[in-house]
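Me: Please take a close look at one part of this model for me, namely how its interior is packed. I'd like a connected account rather than a list.

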Amino acid sequence: MQTLPVNTTNSANNGATSSENDLSGAIVRRKTRPVKVGSVTIGGGYPVVVQSMINEDTLDIDGSVAGIRRLHEIGCEIVRVTVPSLAHAHALAEIRQKLIATYQNVPLVADVHHNGMKIALEVAKHVDKVRINPGLYVFEKPKSDRTEYTAAEFEEIGEKIKETLKPLVISLRDQGKAMRIGVNHGSLAERMLFTYGDTPQGMVESALEFIRICEDLDFHNLVISMKASRVPVMISAYKLMAQRMDELGMDYPLHLGVTEAGDGEYGRIKSTAGIGTLLAQGIGDTIRVSLTEAPEKEIPVCYSILQALGLRKTMVEYVACPSCGRTLFNLEEVLHKVREATKHLTGLDIAVMGCIVNGPGEMADADYGYVGKTPGYISLYRGREEIERVPEERGVEALIALIKSDDRWVDP
């Protein structure tokens, strides 16, 4: 997936909006450390990275390789696979070898959950990053009669977690690999729920406990996530996490996502509302849109969010008015024709405007304009300059010729 440079800046001022910090309108991103995941870097001012997850059983070697390749070919930069057993961990060795032999060395993340130390230690040999869930990595069966956790009990479990996590941290540290500490609102550990409640604070404290263990072992290749299925909870948790890290002098990149967002239009809207709100405030270094659909459907949503915010440039940006009584042609039909002819031209801004009233002003930032000025004719613009007026039926053809004359056309 081709990505063109965009105008974003880094800042230690967490949560700062572009209007507060940059008069050009560019998003001011929270400053984070770079974390390498194979050939991709998360954070450190690098472009926001797009991730997804295959839904094939990892024991299906050929199916998993095909699924990873499909995602990577359409722009997914890091691919996650689930590893529920040692057999699945061993299978990842074959998956990686087959990817390298038949395609390329795609950055891979292994998802490890319940009591996963042995699994994580094995899979760490074969992937670039291991994702663990603090609420499940050392799973404690809840006691139905419990009313509180004493300080001693809290500390005792904390020590058990440190003992269980230490071998994985050392393995990843010594291999130069990464870890995602992935907190989920729906799977907080019981002692965190009793101590902090079912709150963003509990999510943040859960992550900080694991971060401190890693830091004590001189391991800093960490990415943090605070996922929730409710957008307000997700936004609050990430903002609080960024605030607490800033207070503590931590600069770990954040992986954004609304977990279990569902499917269809509403799943996309939920994901955009959560991820887009945080990115617009400069928070977030990598994203995953979680849809109850084929994984390939997630990637266009990710890039659309990033494109809309000016964080990645992966497709044509179309500026089009909503149509009104002044419109001199069928705007929806014409926009479709223009899009079909030019949608492969990465990085261009093309405006399709129905009349002269708002056209030149609203499309001032576009590379090319396609405007209805008089009935039956199209006026073509390069930036603010009108280049020619052609009959409506030749409009798309003339637009293509204009782009070609500027040596900005590539064949589909």
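**Inside the chain**

Reply: Among contacts between residues at least 6 apart in sequence, 64% join residues at least 24 apart. Keep in mind that this is a predicted model. The chain holds 13 helices and 17 strands, and 53% of its 412 residues are buried.

Let's go straight to the middle of the packing. The largest nonpolar core has 84 residues, and those touching the most other members are Val130, Leu165, Leu168, Met179, Ile224, Met226 and Met241. Helix 8, spanning residues 231–248, puts in nine residues, the most of any contributor to this core. As a general backdrop, nonpolar side chains tend to be buried together in soluble globular proteins. There is also a second, separate core of 24 residues, with Val316, Leu335, Val390 and Leu399 among its members.

Met241 is a good place to zoom in. Apart from neighbours within four places in sequence, Met241 is in contact with Val204, Ala207, Leu208, Ile211, Ile224, Met226 and Leu254. Ile224 and Met226 are also on the list of best-connected core members. Val204, Ala207, Leu208 and Ile211 fall inside helix 7, which covers residues 200–216, while Leu254 falls in strand 11 (254–256).

From helix 7 you can step across to helix 5 (residues 151–175): the two axes come within 10 Å and cross at roughly 50°. That angle is why helix 5 counts as oblique to helix 7, and the crossing is right-handed. Helix 5 brings Phe154, Gly158, Ile161, Lys162, Leu165 and Val169 to the contact, and helix 7 answers with Glu209, Phe210, Ile213, Cys214 and Asp216. Sorted by class, that gives seven nonpolar residues, one polar and three charged. Leu165 turns up here as well as on the list of well-connected core residues.

Back at helix 8, the partner to look at is helix 9 (residues 264–280). Helix 8 and helix 9 pack with their axes 10 Å apart, at an angle of about 20°. With that angle under 35 degrees, helix 8 is roughly parallel to helix 9. The crossing is again right-handed. On the helix 8 side you'll find Val231, Met234, Ile235, Tyr238 and Lys239, and on the helix 9 side Lys270, Ala273, Gly274, Ile275, Thr277 and Leu278. The class count for this contact is seven nonpolar, two polar and two charged.

Helix 9 has another partner too, helix 10 (residues 298–308); their axes come within 10 Å and cross at roughly 40°. Helix 9 and helix 10 are therefore oblique to each other, in a right-handed crossing. Here Arg268, Ser271, Thr272, Ile275, Gly276 and Leu279 of helix 9 meet Val301, Ile305 and Leu306 of helix 10. By class there are five nonpolar residues, three polar and one charged. Ile275 is worth clicking on: it takes part in the contact with helix 8 and also in the one with helix 10.

The buried set isn't limited to nonpolar side chains. Arg131 sits in strand 8 (residues 129–132), the strand that also takes in Val130 by its numbering. At 4% relative accessibility, Arg131 counts as buried. Beyond its neighbours within four places in sequence, Arg131 contacts Arg80, Val109, Ala110, Asp111, Val112, His113, Arg180, Gly182 and Asn184. Tyr381, found in strand 16 (residues 377–382), is buried as well, with a relative accessible area of 5%. Its C-alpha lies 9.1 Å from that of Ala351, 30 residues away along the chain.

For contrast, try a couple of residues on the outside. Glu260 lies in the loop between strand 11 and helix 9, and at 60% relative accessibility it counts as exposed. Its phi is positive, near 50°. Asp407, in the segment after helix 13 (395–405), is exposed at 70% relative accessibility and has a positive phi of about 60°. Those two stand out against the usual pattern: most residues other than glycine have a negative phi.

Conventions:
Residues are numbered from 1 along each chain as its sequence is written. This is a predicted model: local features need pLDDT of at least 70, side-chain atom pairs count only at pLDDT 80 or more; totals for chains, interfaces and linings use all residues. Side-chain values use heavy atoms; hydrogens and water are left out. Helices (H or I, at least four residues) and strands (E, at least two) are DSSP runs, numbered from the N terminus. Buried means under 20% relative accessible area, exposed over 50%, partly exposed in between (1.4 Å probe, protein chains only). Contact means heavy atoms within 4.5 Å. Axes are lines fitted to C-alpha atoms, for helices over the stretch in contact, and angles run from 0 to 180 degrees between N-to-C directions. Angles under 35 degrees count as roughly parallel, over 145 as roughly antiparallel, 65 to 115 as roughly perpendicular and the rest as oblique. A crossing is left-handed if the near helix is turned anticlockwise from the far one by less than a right angle, and right-handed if clockwise. Ala, Val, Leu, Ile, Met, Phe, Trp, Tyr, Cys and Pro count as nonpolar, Asp, Glu, Lys and Arg as charged, and the others, Gly among them, as polar. A nonpolar core is a set of buried Ala, Val, Leu, Ile, Met, Phe, Trp, Tyr and Cys residues joined through side-chain atoms within 4.5 Å.
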